[in-house]
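Colleague: Could you pick one part of this model and take me through it closely? I'd like to know what it sits against and what it contributes.

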Amino acid sequence: MMKKITPKSYEEAIQQLEKITESMQNNDLPLEEALTAYEYGQELVQYCQQKLAEVEQKLQVLDNGELKELKLEAGE
């Protein structure tokens, strides 16, 4: 049975989602456990979306309300 934990960070939530995905892809879970894992996965996705929205808001504040596209140059 997959243990539900409240993630402490975005990265931890992503790790949990990867474990759920792997278990479901390998058909390691009985149907009822797969449903529970799916529901937990949905909670983790919502958590990640919330964290990303919070970061986006902070970036907008830092950029004086202008959300600028991050451009990464090759070779930097």
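Modeller: Let's start with a term: contact here means heavy atoms within 4.5 Å. Helices are DSSP runs of H or I with at least four residues, strands are runs of E with at least two, and both are numbered from the N terminus. Bear in mind that this is a predicted model, where local features need pLDDT of at least 70, side-chain atom pairs count only at pLDDT 80 or more, and totals for chains, interfaces and linings use all residues. Residues are numbered from 1 along each chain as its sequence is written, and side-chain values use heavy atoms, with hydrogens and water left out.

My pick is α2, residues 31-62. This helix has 32 residues and reaches 46 Å from its first C-alpha to its last, close to the expected 46 Å; that expectation is 1.5 Å times one less than the number of residues. Just after α2 comes N64, with a positive phi near 55°.

Now for what is tucked away. Buried means under 20% relative accessible area, exposed means over 50%, and partly exposed is in between (1.4 Å probe, protein chains only). In α2, the buried residues are A34, A37, Y40, G41, L44, Y47 and C48, and what covers them includes α1 (10-25). Take C48: leaving out residues up to four places away in sequence, C48 touches Y10, A13, I14 and L17.

Seen from the partner's side, α1 buries A13, Q16, L17, I20 and S23. Down the axis of α1, these buried residues fall within an arc of 125°, so they line one face of the helix; the arc is taken from the directions running from the helix axis to the C-beta atoms. That buried set packs against α2, whereas E11, E22 and Q25 are exposed on the other side of α1.

The loop between α1 and α2 holds N27, a residue other than glycine whose phi is nonetheless positive, near 55°. N27 is exposed, at 67% relative accessible area.

Finally, the core. A nonpolar core is a set of buried Ala, Val, Leu, Ile, Met, Phe, Trp, Tyr and Cys residues joined through side-chain atoms within 4.5 Å. The largest one here has 10 residues: A13, L17, I20, L29, A34, A37, Y40, L44, Y47 and C48. Both α1 and α2 supply at least two residues each, with α2 giving the most, 6 residues. In soluble globular proteins, nonpolar side chains tend to be buried together.
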